Amino acid sequence: MQITPLHHWIATKLGVKGSALTRELIQNYQLHKLKQTLAVAVQHSPFYRKKLTGWPKLTSLADVKHLPFTTAEDIRGNPLHFLCVSQDQINRVVTLRSSGTTGAPKRVFFTKADQELTIDFFHIGMSTLVGPGDRVLILLPGELTGSVGDLLARALTRLGARGIPQGLVADPAQTLAIIQAAEVNSLVGIPSQVLALARYRDERGRRVPLGLKSVLLSTDYVPQAIRRELEQNWGCPVFNHYGMTEMGLGGGVECAALAGYHLREADLYFEMIDPISGELVPDGKMGEIVFTTLTRQGMPLIRYRTGDWARFLPEPCPCGTSLRSMGLVVGRVKGACGLAGGALTMAELDEVLFGVPGLLNYEASLTCFEGTDRLTIGLKMVGGVDDRGLAEIKNALAKLPVIERSISQGCLELHLSILPDQMVVSTAKRCLNDLRK
C-alpha cells in the first residue's frame, strides 16, 4: 500500500528524507515552531499579550497542556486583537456566523502566505485521490478569490488535474448533467449533498451512470451510512477530510488505507482533551479536538477548542507512515440532547436514518409540549414521502435504544413532517436543534 503523500511532504519541510522521518523529529520540529508562535503572538497580538503574560516558557511538548485555551467566544469578542500583522497584509477575511439567530460572528484573517500553506496542503492531500488529467467537480463555495473552492482548484492545477468549482448542490439533476458533460471523474462535496446525487433518479426511475474514480467528503461530519452508500453506488473509494476555517481550512485527510485522518503536523499541533476537565486524554479515548497553529502569520491561534469530538488512533496506519492518525470526527461535544431514556446525538440519528433507502436529507429538532418531549424529523425523500417511507423511517428510529426507552416510558413523541422540495444549500454543519429551552 502506498504511504500517505503527507509523509514525504512533511519530511521535506523538516529537511529529512521520508525514510528518516520519526515521531521524535516531528515533535522536536513542533516544539521549535510552538516557541516561535508563542513569541510572535505575545509580541504582536494584544489578545495573547494579555492572555499569556506570566505563563511559563515551553521546555517540552508536555508543557503545552499548561497554556490557556482559546475559544470561539474569544474570537467573537474582538477578532482584530488576534492579528499579528498590519491589516494591509491581510489577503482574505472569512466571516463565520453563529448557527443561531443571535451572537456576533467570528472573523478569521489570512495573509497571502497563510493561504499558500492551504493550497500546498490541498495539493499534496488530493494527490491520493486524483492525478494529471483528472477532472474534479468542486461542490463547495468557490466564486470568491481565496474561498475554499478557489484554493482547491488552484491546488489541483499544480497536480495537473482540472478543478471545476460549481458551488453547493441546489439541483441534483443539473449537477449530474454537468458531471456527464464535463466528463468529471472525481467529486469533492458535503456528505448529504453528494448523497443526493447518488440517490437521484431520472423521470424513468433510473440512476444516472457516472464514471467516478474517487470522492472526497468534507465540511460536515460523515455518517458511515453515507460512505457505504456512495461506495456501493459508484464503486469507488470515498475519502474523508477534516478541516475548519479557523485552522486554515485543511487539517487532515485519509490515505488509501481509509483508516483515519493523517494530520497536517508541520502546520498544526493537535491535542485531545476531556471537554469538562480540560486535561489531555490518552490515545484511543474520545475527546475534544484542540489545535495550535505553527506557521500562521496573520492570526495565529493557541490551543483553540474546536468543539469537535474524535480520538487519536493508538495503532499505526497500514500505510506505514510515522504521522499520527485521528479517528473520524463523530459530532460536536455539545451535540448530545438529554431524553428520559438517555442522550441522543445527531450522529446516532444519521447512522439509522441515512441507512433508509431513498432518504435525501432530514432535519431534527426537540421541543416540549405539555411536559412531553417531541422529536420532530423533517424528511426529504426520493419521489416524495409516502406511507411506506414513513414506516421505514419509524422502524429505523425504533432501532435507537434511547428513543425506544423514552417512548416506552411515555416521555417522548415522534412527529414526522415533509421538507420543501428544494435542496438545503448551506455549508453549516447539521445539528440536532434542542428548542426545549
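A residue is called buried when its relative accessible area is under 20%, exposed when that area is over 50%, and partly exposed in between (1.4 Å probe, protein chains only). By this definition Asp350, with a relative accessible area of 6%, is buried. The structure is a predicted model, in which local features need pLDDT of at least 70 and side-chain atom pairs count only at pLDDT 80 or more, while totals for chains, interfaces and linings use all residues. Residues are numbered from 1 along each chain as its sequence is written, and side-chain values use heavy atoms, with hydrogens and water left out.

Asp350 is a good place to begin with the charged pairs. A salt bridge is taken here as a side-chain nitrogen of Lys or Arg within 4 Å of a carboxyl oxygen of Asp or Glu. Asp350 forms such a bridge with Arg430, and the closest N and O atoms are 3.0 Å apart. This pair links distant parts of the chain, 80 residues apart: Asp350 belongs to helix H10 (residues 346-353), whereas Arg430 sits in the loop between strand S19 (412-418) and strand S20 (432-434). Helices (H or I, at least four residues) and strands (E, at least two) are DSSP runs, numbered from the N terminus. Arg430 is buried too, because its relative accessible area is 16%. Elsewhere, Arg227, Glu231 and Glu254 are joined into one network by salt bridges that share partners.

In total, the structure holds 21 salt bridges. Another of them pairs Asp120 with Lys13, with 3.9 Å between the closest N and O atoms. Asp120 lies in helix H5 (residues 112-126) and Lys13 in helix H1 (residues 5-14), so this pair ties together parts that are 107 residues apart in sequence. Lys13 counts as partly exposed, at 30% relative accessibility. Within helix H6 (residues 148-159), Asp150 and Arg154 are four residues apart, and therefore separated by about one helical turn. Their salt bridge has its closest N and O atoms 2.8 Å apart. The two partners differ in exposure: Asp150 is buried at 17% relative accessible area, while Arg154 is partly exposed at 36%.

Attention now turns to strand S7 and its surroundings. S7 is mostly covered, with five of its five residues buried. Its two faces are both covered: Val238, Asn240 and Tyr242 are buried on one side, and Phe239 and His241 on the other. Strands count as paired if DSSP finds at least two bridges between them. S7 runs parallel to strand S6 (residues 214-217), to which three bridges join it, and Leu217 stands opposite Asn240. Together with helix H9 (residues 224-234), S6 and S7 make a right-handed β-α-β unit; right-handed means that, with the strands pointing away from the viewer, the path from the first strand over the helix to the second runs clockwise. Toward S8 the arrangement is antiparallel, with two bridges, and Val253 in S8 is the bridge partner of His241.

The loop between S7 (238-242) and S8 (252-254) contains Gly251. This glycine counts as buried because its relative accessibility is 0%. Contact being defined as heavy atoms within 4.5 Å, the residues that Gly251 touches beyond its neighbours within four places in sequence include His241, Tyr242, Phe121, Leu268 and Phe270. By comparison, Asp386 is 135 residues from Gly251 in sequence and 41 Å away in space, C-alpha to C-alpha.
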